[in-house]
2 protein chains.
Amino acid sequence: MFSERMFQLGSRRSSIRELFEYGKMRAELVGRENVFDFSLGNPTVPPPEEVKDAIINIIENSDSVAVHGYTSAQGDASVRARISEHLSRKYRLSVSPDRIYMTCGAAASLVISISALRYCDKDEFVAVAPYFPEYKVFVEETGAAFKTVEPDYANFQINFDSLSEVVNENTRAVIINSPNNPSGAVYREETLRNLADFLCVREAEYGHPIYIISDEPYREIIYDCGEYPSVMRYYSDTIMCYSYSKSLSLPGERIGYIAVSDNAKDSSEIYAAVCGAGRAHGYVCAPSLFQKVAGEVCGIHSDIGVYRKNRDILYNGLTDLGYSCVHPDGAFYLFVKAPGGNSISFGKAAKKRDLLIVPGDDFGCPGYMRVSYCVSTEMIKRAMPVFKKLMEESCSDNIGQ
Amino acid sequence: MFSERMFQLGSRRSSIRELFEYGKMRAELVGRENVFDFSLGNPTVPPPEEVKDAIINIIENSDSVAVHGYTSAQGDASVRARISEHLSRKYRLSVSPDRIYMTCGAAASLVISISALRYCDKDEFVAVAPYFPEYKVFVEETGAAFKTVEPDYANFQINFDSLSEVVNENTRAVIINSPNNPSGAVYREETLRNLADFLCVREAEYGHPIYIISDEPYREIIYDCGEYPSVMRYYSDTIMCYSYSKSLSLPGERIGYIAVSDNAKDSSEIYAAVCGAGRAHGYVCAPSLFQKVAGEVCGIHSDIGVYRKNRDILYNGLTDLGYSCVHPDGAFYLFVKAPGGNSISFGKAAKKRDLLIVPGDDFGCPGYMRVSYCVSTEMIKRAMPVFKKLMEESCSDNIGQ
């Protein structure tokens, strides 16, 4: 006698994890150098040296009881003050320390934010495709309905026709993710202004707030688009979900935060509900040492030079081979159109050649493949002949159709 | 528009936290030396030196990408192997590494275990009073009913008459906590055998398993009762929820684990449901550095000499003053009968004198007060005259009645 839902979630791994485990198994069988694993979004650039220095400094020079003790449930007050100051200085956002809640990473941030906004049985949460597949798990865990907006296949911005159909009076929040996993697209200022305008009109129509939940762990990993346009600047009913997993290459340490705009409607109530939801899900406080580390290195991030180099080699290589790709301005994913259009069968053909890429179907975007390029540059180069063969096969044998 | 339930949970602090915050405020007003704060269960003994050594060693000598990267959702395999071996050697338990799931501490362990066992709308979870108040929050978060067993006022073991009335065919699990917060009692072997016998009979009667969820973060903090009797040895349908918060004085780092007995009914399905519940609540993996630290220092714990000394001074001091206390064999709490019998009014009278102790009402045990002695020995000594005054007042003015 156990929860069938939890059993299913626990025994069926996500397709990404599945592929990753398969890759490990194949590496043992045929040798690591013969497996081309582009499945996982695990940073390969080391954390900046400042992270190590901060850890050693805190451990060597602070009282251990204070370092490892409970912080307040909201998080260490001085760390929250530094983050507040950083958000103001870098993104010109107004988020006071008492609107910041330290979390165990982005997944926790999302679960907690969604739970905080649950209002009634009819609640719907809308994700803009392509979206990270776990959004569905998190929304459904709270008992709400998960709705999706069709991709904008032209530019991988937001498909406003679809959004307009999906958002209704039961919509509690729209979940966006820019820089986007899996497409690598960064929402432009114009997109965000249009989104804000659209939601303002709907808020007025329905007479209640519609929040944006902005999942932005990749915001420091941008290449050519200048300043990161933060949606909170354009729309105040925004709850930011942040994680240091990618920017500081600390995915295993589970450290991030939720920031509720000072100017959001019901800002203080939403924040209290965030605190309550953290408590209800068993998040007593975020890991204390890494809260302090995050405070110490505020504003610093890993060197993304390698990701940029990988992106250029991969993007140029694949387009030269005839692949059609979204040009990624951020994150470390290339979103490639499956030659022939069928991502599942193309993924299978690739898997036969030990090239592991993730079909876009789970991201709400069939026909595309996610290629993670947070891998060694050398593996990308070695994989090019395999991509070439797959394209040739695809043209002659119609795989992927 | 937000979740009323989460708002309430977030804006009304637990009474323990409330008292703690009051204490900080008073300390600023009247001076730290004039406030006697016995409210929180925050370890004051530093982590063992081996923890610091392990952190420095890992940070200095391991590849930073591996140290801080995602572990598998279950937790680092070598760490789970060490824990499995430790549970076998120290407590003679049979828990294979693939039945261990690393968590962000005891609260996470509990939420996840309860979620994993949720079966249908009628599910009930039973806690044996006195119990940690957050159990109610965690059970109700999953939508199940929270039921309680009356305290055994004679010995603070288990009141089997009450248990017998409360357990029924809808009971999914009985939650126990030994060494107990707030009473400090340690369940004796005889108690655990009786509990196992009782549940075996009921399992047979209802034709389905009834699990024990054993919340045991204090098991290394025991004083006079020899070997810790682990309930899993007596009853195989047991899910152990463990945390290093108290044994290694790392409460802020959020590191612990769930262990499902190899011999539990549906052991592998329960374990899969645990993994699924972790995923659904947003726990991607437990903090990776501290997973590795926990593996390195497996079997080591903080020096509990100070707690023992505090216990003796406090227990002897209060009984000499005429207080009636449960003799605590473990944890770092003294459970004192409120003179006059009313814990709320006695707590208020104490608060007026800046002596902060927690009424037992929230623990399902009115008439008692929890006095945390994980404080400085010197504060305990300074507090004795205040306890004396309160007892005198209580005898003359009938406070606490």
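Which residues in α10(A) meet which residues in α1(B)? In α10(A) they are A:Glu269, A:Ala272, A:Ala273, A:Val274, A:Cys275, A:Gly276, A:Ala277, A:Arg279 and A:Ala280, and in α1(B) they are B:Met6, B:Phe7, B:Gln8, B:Leu9, B:Gly10 and B:Ser11. Keep in mind that this is a predicted model, where local features need pLDDT of at least 70, side-chain atom pairs count only at pLDDT 80 or more, and totals for chains, interfaces and linings use all residues. Residues are numbered from 1 along each chain as its sequence is written, while chains are lettered from A and ligands numbered from 1 in the order in which they are written.

**How the two chains relate**

- Lay chain B on chain A and you get an RMSD of 0.0 Å, using a turn of 180° and a shift of 0.0 Å along the axis (the fit is by least squares on C-alpha atoms of residues with pLDDT of at least 70 in both copies).
- The two copies are thus related as by a two-fold rotation axis.
- The copies meet through the same surface, because 100% of the interface residues of chain B are also interface residues in chain A.

**Where chain B touches chain A**

- On each side the count is 63: that many residues of chain B are in contact with 63 residues of chain A (contact means that C-beta atoms, placed from the backbone, lie within 7 Å).
- Elements giving two or more residues to chain B's side are α1 (4–11), α3 (49–61), α4 (64–68), α6, α7 (134–141), α10 and α11 (288–296) (helices are DSSP runs of H or I with at least four residues, strands are runs of E with at least two, and both are numbered from the N terminus).
- The top contributor is α10(B), with 10 residues.
- By class, chain B's side has 36 nonpolar, 19 polar and 8 charged residues (Ala, Val, Leu, Ile, Met, Phe, Trp, Tyr, Cys and Pro count as nonpolar, Asp, Glu, Lys and Arg as charged, and the others, Gly among them, as polar).

**A helix pair across the chains**

- Back to the opening pair: the axes of α10(A) (residues 267–280) and α1(B) come within 6 Å and cross at roughly 85° (axes are lines fitted to C-alpha atoms, for helices over the stretch in contact, and angles run from 0 to 180 degrees between N-to-C directions).
- That makes α10(A) roughly perpendicular to α1(B) (under 35 degrees is roughly parallel, over 145 roughly antiparallel, 65 to 115 roughly perpendicular and the rest oblique).
- This contact of α10(A) with α1(B) has 9 nonpolar, 4 polar and 2 charged residues.

**Helix pairs inside chain B**

- Helices α6(B) (residues 105–117) and α10(B) (residues 267–280) pack at about 120°, with axes 8 Å apart.
- α6(B) and α10(B) are therefore oblique to each other.
- From α6(B), B:Ile112, B:Ser113, B:Ser115 and B:Ala116 meet B:Ile270, B:Ala273, B:Val274, B:Ala277, B:Gly278 and B:Ala280 of α10(B).
- That contact of α6(B) with α10(B) splits into 7 nonpolar, 3 polar and no charged residues.
- For α3(B) and α11(B), the axes come within 9 Å and cross at roughly 125°.
- Here B:Val51, B:Ala54, B:Ile55 and B:Ile58 of α3(B) make the contact with B:Leu289, B:Lys292, B:Val293 and B:Glu296 of α11(B).

**Domains of chain A**

- Chain A is divided into domain 1 (4–48 + 302–395) and domain 2 (66–296) (bounds come from an automatic or database domain assignment).
- Their C-alpha centres lie 26 Å apart.
- Between them, 29 residues of domain 1 are in contact with 28 residues of domain 2.

Notes
Two residues are in contact if their C-beta atoms, placed from the backbone, lie within 7 Å.
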